[in-house]
Amino acid sequence: MFDVLIIGGGVIGSAIARELGRYRLKVGVLEKNTDVCYETSGRNTGVCHGGFAYDRGSLKAKLCVEGNRIMGEVARELDFPLKRCGKVLVGNTQEEYDRLQEVIAQGEANGATGLRMITEEELKAMIPGVKGSFAMLSENSGILDPFLMTIALAENAVHNGAEYFLEHEVTAISREDDTYVVTAGGETFRTRWVINSAGLGCGKISDMLGIKGYKLIYSKDDYIILDDRLGRDLPMPIYTVPSNTYMGIHVTPTTDGNVLLGPTAEDTDNNSWYGVEQKNLDYLYEEAMKLWPNFTRGDYIRTYCGILPKWVDDEGRIQDYKIEILDDIAPNAVNLVGMESPGLTASVAIARYVIDMMQEREKFEENPDFDPIRKGIERFSRLDEETQARLVEENPDYGELICRCQKVTKAELLQAIHNPLGVHTVTGVKYRTRAMMGRCQGGYCQMRITRMLEEELGIAPEEITYAREGSRMFFGKVREV
Amino acid sequence: MIKEFTCVVCPNGCRITAERNSENEEYKITGNACSRGLTYVRQELTGPVRTFATSVGVTGGVLPLASVRVTAPIPLSRVKEAVELIHAQTLTAPVHAGDVLLHDFMGLACDVIVTKTVEACPEEAAR
Amino acid sequence: MSEQNKNTVDVLIVGGGPAGLAAAVRLYELGIRDILVVERENEPGGILRQCIHDGFGVTRFGESLSGPEYAARFIRQVREYGIRVMTGAAVTNITPEREVTVVAREGLTVWQAKAVVLAMGCRERTRGALAIPGERPTGVFTAGVAQAYINLYNRMPAREVVILGSGDIGMIMARRLTLEGAHVKAVYEVQPYPSGLPRNIQQCLNDFDIPLYLSHTVTQIHGDRCLEGVTVSQVDERMSPIAGTEEYISCDTLILSVGLIPENELSLDAGVQLDPRTRGAYVDEHLQTSVPGIFAAGNVLRVHDLVDFVSMEAEALADAVHKYLAAGDLPEGKVKLTAGAGVHHTVPQWAEGKEPFTVSLRVVRPMDNVWVCAKQGGHIVGQKKMKKALPAEMIQLKVNPLTGTEDVEVYVQ
């Protein structure tokens, strides 16, 4: 019997699980995928937003500003990369100038700080090669690693007692007396509280809870990833002038120095097709060139696609976040609907908001043993040579570079393979270490990594899973000996 | 009748033409840069031959496979059969490059030789 | 790293593949004894370890060898001479002052070298670099990765196969996969001519009735977990897909053989300037890069057609390094070589020109009955007639000693 079952182990579900660790509660997380960031949480731009781009007084604005404010502390506690590098919104016309003034006013009303207009000279001094006649600077915006943030939250939740159930897709929810009976991955779970943080699946879970009628659309975002040499010349994200519902295409550095071009933002009713389209790749190239023409197609290393769930009204207008407990329809169930951008930035603030709502109905006992600290895998490539030399001396596995372009050592890979969540996929290793994320895309290291997975986990070649359930890599051996 | 060939004897890949007017005539061969090209095309016209390489499984080695090749060309029509015979073999480490896996292979006046040394695995040897 | 922990060496060679090994052997034979080869794998040989097919060495050794046998020839020499090879060791940094950081299980070491030889080889272009639309299922491999899985790791990644690109490794994998029982449905090439060697088209494709479609490319990848199929389209003369020509081909494996890129990340860290055409270093006829004392040969300099030429280039490099060590420096190449009509690139791109030297080049498209010429200020300084010139093949052109510093134009007519 669980006190709280969280449906969906994305960044919001994992933030809730982590924050619930502050109380004496038995917490479980049901995740349908093989890892925690295979959907919206891992497929985005990785920006820590300032909170100026959302309607005055909205939950999105409030929780984004709060999430941004606490992000530094959260990143320190959980040891994931965050760079408060600022970001610019560039414009060229009088109309855009006026719009940016409105954005600043809206941002200030939302409680965002560090917003100001800068001249073309200031802009170009900050970002070599950027195109634009003026810009709005948001000093408190930044970039973070969305994979490591989600993984860090989940690992810290597990450290404080939460249980993760991977590959457990929820198929039914019923209520018996005062408990929910949740069927997931063929197993039955009983819980006093249930939280719908299913992201793209929020509508389905909401229906299972008996809360019907939410209309959702999905916004599909295609991206291009550029080589990590290019990030050296891009100190901060470059955005165009946004509307309150679309941020426009942007050029964004990642915490690892890659550059992202995207997103495209197309409405779709399919929430599981992650195919990147040629027309979008062409569009991204054209649009990004208008902002930052410092790249060529030869710098592409990968493409990807993310999908955001958006709650819309009957006219198709995008709505605010819906975070609710409907005591008469589904008591002790927290229903989160339309958790799109800025969900990554806002996640921990959302978690605290959710727990406050729960505590209005039930006072939870504090957990004096809660440990907010999580240590990530030390990145060999980021250390100075003195420290690297010492590490190799202490543990020769640090002397074995398996992924050359990202300089990932065997020691790091072993830690990733034996991760606290028990994730056993190839991409699980990838997101935790950056192995295979460089310009050769695993051309040099993937054979070694799949062999390590086989050896460390004691599994057959046919059992190696790339990412999603069933994504096998091998048919077997060439010769049985 | 004209037949065209790309010579595979060496990397030059000469385009060689063989031409004759009737069944009884000898082919007139042109385009070859050397006499090996001539021999190659004559062979292609009568019965093409090829060398090939594959691997065999190795037990107790530091590597799971040893690569092998035939030492002389065999009829192309028999390559598939030859590969199957070789794949049915297994070796025990250590094996050395140059070791003969199969003598007078299929009666075709060639050997199958190992092309990569695979040392015995230290742990296996200790067992 | 403090000074006392620094080691010194005359020549440090980055990479123990065909280029690095050949350079080491020749340097030793020229009397250089203080040589260190740094190899990231546990054994030297580089990519040849997985190239088990034969056909190597016809030019260099006069016989047809498999990749491992070809490498073994050099490895045997290296061992006989007692040349030091650090295996399982990765170079993580090279400075313009030729200070080289090496990481291995035995520890992190820093080496001050009098000369550094770049011999890191190349990497394959990937699906991501091509930005092929669609999802990201498993079953999409570069040819070299599939080759490593099958020939080194004993792992079978394929049953029903489509190959994109008619590069040599792709065609060799078509044959290899067929011999291993996979069904190779077809090879598609975006260009109107094949990009690999004619002999491979014959003995890897034609021999096994594998069709090669020119002016075709893969325009969509299907499958959300494992590859289920690809869409193939014809392309026009600008290599843009032609609407209405799409065809769906079911397959579980897509092998990419769409080009190799010299692996120059370390070179860039060392301040070496790269030629955007070759994606390797700008060098003079001594194979010295823009950074004095740093030399490059083999596929790191530009992608070769045959390993024999890699070894021979590395041997020429050793001669230059020998001279450099004896004299303390080499005269700067002041004459620029430019790629003129019909020529994609030249190596070297600069020349001192005191002695005769060889330029190697590639043409931009297949051509018959042409003259390949080098001209300096109206004077022909080198020319040769060719019955056919293919982009798949490197062309060597002898150039006479140069006078003055005027550019040399290399062109085809």
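Colleague: What radius of gyration does chain A have, given its 481 residues?

Modeller: The model is predicted, and in it the C-alpha atoms of chain A fill a box of roughly 65 × 65 × 45 Å along the principal axes. A compact globule with 481 residues would have a radius of gyration near 23 Å, and the value for chain A agrees with that expectation, at 22 Å.

Colleague: How many helices and how many strands make up the secondary structure of chain A?

Modeller: Helices of chain A include α1, which covers residues 11-20, and α10, which covers residues 410-417. Taken over the chain, the secondary structure of chain A comes to 12 helices and 23 strands.

Colleague: How far apart are the C-alpha centres of domain 1 and domain 2 of chain A?

Modeller: Chain A is divided into domain 1, which is made of residues 82-140 and 216-312, and domain 2, which runs over 381-463. The distance between the C-alpha centres of these two domains of chain A is 31 Å.

Colleague: Which class supplies 4 residues to the side of domain 1 of chain A that touches domain 2 of chain A?

Modeller: In the division of chain A into domain 1 and domain 2, the contact takes 5 residues from domain 1 and 4 residues from domain 2. On the domain 1 side there are no polar residues and 1 nonpolar residue, and the class with 4 residues is charged.

Colleague: Are helices α1 and α5 of chain A roughly parallel or oblique to each other?

Modeller: Helix α1 of chain A (residues 11-20) packs on helix α5 of chain A (residues 146-159) with the axes 8 Å apart and at an angle of about 30°. Angles under 35 degrees count as roughly parallel, and α1(A) and α5(A) are therefore roughly parallel.

Colleague: How many nonpolar residues does the contact of α1(A) with α5(A) have?

Modeller: The crossing of these helices, α1(A) and α5(A), is left-handed. The contact draws Val11(A), Ser14(A), Ala15(A), Ala17(A) and Arg18(A) from α1(A), and Met149(A), Thr150(A), Leu153(A), Ala154(A), Asn156(A) and Ala157(A) from α5(A). By class, the contact of α1(A) with α5(A) has 3 polar and 1 charged residue, while the nonpolar residues number 7.

Colleague: Is the crossing of α10(A) and α11(A) left-handed or right-handed?

Modeller: Helix α10 of chain A (residues 410-417) and helix α11 of chain A (residues 426-433) pack with their axes 9 Å apart, at an angle of about 125°. That angle makes α10(A) oblique to α11(A). As for its hand, the crossing of α10(A) and α11(A) is right-handed.

Colleague: Which residues of α11(A) make the contact with α10(A)?

Modeller: The crossing of α10(A) and α11(A) is right-handed. From α10(A) the contact takes Glu412(A), Leu413(A), Ala416(A) and Ile417(A), and from α11(A) it takes Val429(A), Arg432(A) and Thr433(A).

Colleague: At what angle do α1 and α8 of chain C pack?

Modeller: Helix α1 of chain C covers residues 18-29 and helix α8 of chain C covers residues 307-327, with their axes 8 Å apart, and the packing angle is about 40°. That makes α1(C) oblique to α8(C), at about 40°.

Colleague: How many nonpolar residues are in the contact of α1(C) with α8(C)?

Modeller: The crossing of α1(C) and α8(C) is right-handed. Among the residues in the contact are Ala19(C), Ala22(C) and Arg26(C) of α1(C), together with Val310(C), Glu315(C) and His322(C) of α8(C). The contact has 2 polar and 2 charged residues, and its nonpolar residues number 11.

Colleague: Which class has 6 residues on the side of domain 1 of chain C that touches domain 3 of chain C?

Modeller: Chain C is assigned domain 1 (1-124 + 259-330), domain 2 (126-258) and domain 3 (333-413), and the C-alpha centres of domains 1 and 3 of chain C are 26 Å apart. In this pair, 12 residues of domain 1 of chain C are in contact with 14 residues of domain 3 of chain C. The domain 1 side has 4 nonpolar and 2 polar residues, and the class with 6 is charged.

Colleague: Which element of chain C gives the most residues to the side that touches chain A?

Modeller: This contact takes 41 residues from chain C and 43 residues from chain A. Elements of chain C that each supply at least two residues include β6 (89-94), β8 (107-118) and α4 (143-151). With 5 residues, the element of chain C that gives the most is α4(C).

Note on methods:
Residues numbered from 1 in each chain as written. Chains lettered and ligands numbered in written order. Predicted model: local features only at pLDDT ≥ 70, side-chain atom pairs only at ≥ 80, totals over all residues. Domains from an automatic or database assignment. Contact = placed C-beta atoms within 7 Å. Nonpolar A, V, L, I, M, F, W, Y, C, P; charged D, E, K, R; others polar. Axes fitted to C-alpha atoms, helices over the stretch in contact; angles between N-to-C directions. Helix = DSSP H or I, 4+ residues; strand = E, 2+ residues; numbered from the N terminus. Parallel < 35°, antiparallel > 145°, perpendicular 65-115°, else oblique. Left-handed = near helix turned anticlockwise from the far one by under 90°. Rg over C-alpha atoms; globule rule 2.2 N^0.38 Å.
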